[in-house]
Amino acid sequence: MKWVTREHPRTDRIACPWLIRKFIDPEAEIVYVPPAEVLDYAEREGAISFDAPGAKYTHRDGKCSFETLVEEYGITGPAIALLARIVHGADVSDERDATPQSRGLEAIADGFALLELDDQRQLELELPVYDALYAWAQHEVAAG
């Protein structure tokens, strides 16, 4: 399945593809397009839109797109809940201190954006950050 979002990804537009491939659709094709083209692309290609105005999965009820996907797909567990809170803080400007890790994740996301990489290359390089953060969250939860 194709999933489409806005080009020049930041926190949610990398975190969501990680979540999609890890828990929803392991074979997902992530497509980045200009913001004004997200909904047209989704309709034309039968893709699922996310993290864009009017997208199927986007910020909703104070939640970032990552949290919306977690809720909509019923992804549960304390480690994913912790990761969702970290992503929320890194992505929602009024919630930067949601967790101690949120500002660090925001800095990493901003740093990758500043490298001016091709969107697909940025996704490839940044996905392991979320693997590592999820492994850390699992460890933290297990440690109590």
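Let's start with the bend in helix 6. This helix bends by about 30° at L125. A proline, P128, follows within four residues. Keep in mind that this is a predicted model.

Now the length. Helix 6 has 25 residues, running from 119 to 143. At 1.5 Å a residue, helix 6 should span 36 Å. Its end C-alpha atoms are 36 Å apart, so the expected span and the model agree.

Next, the two ends. At the start of helix 6, look at D118. One of its side-chain oxygens comes to within 2.9 Å of the backbone nitrogen of Q120. At the other end, G144 follows the helix. The phi of G144 is positive, near 85°.

Which residues of helix 6 are buried? Here they are in order: D119, Q122, L123, E126, L127, Y130, L133, Y134 and A137. And what do they pack against? Three helices and a strand: helix 1 (11–24), helix 4 (78–91), helix 5 (102–114), and strand 2 (29–33).

Second topic: A55. Where is A55 placed? In a loop, between strand 3 (48–49) and helix 3 (65–72). Buried or exposed? A55 has a relative accessible area of 9%. The cut-off for buried is under 20%, so A55 counts as buried.

Who touches A55? Set aside its neighbours within four places in sequence, and the contacts are L39, S49 and F50. Now take T76, 21 residues from A55 along the chain. The C-alpha atoms of A55 and T76 are separated by 23 Å.

That's helix 6 and A55. Over to you.

Notes: Residues numbered from 1 in each chain as written. Predicted model: local features only at pLDDT ≥ 70, side-chain atom pairs only at ≥ 80, totals over all residues. Heavy atoms only, no water. Helix = DSSP H or I, 4+ residues; strand = E, 2+ residues; numbered from the N terminus. Expected span 1.5 Å × (residues − 1). Bend = angle between axes of the 7 residues up to and from the residue. Buried < 20%, exposed > 50% of the residue type's maximum accessible area, 1.4 Å probe, protein only. Contact = heavy atoms within 4.5 Å. Polar contact = N/O pair within 3.5 Å; in protein donor to acceptor, adjacent residues only side chain to side chain.
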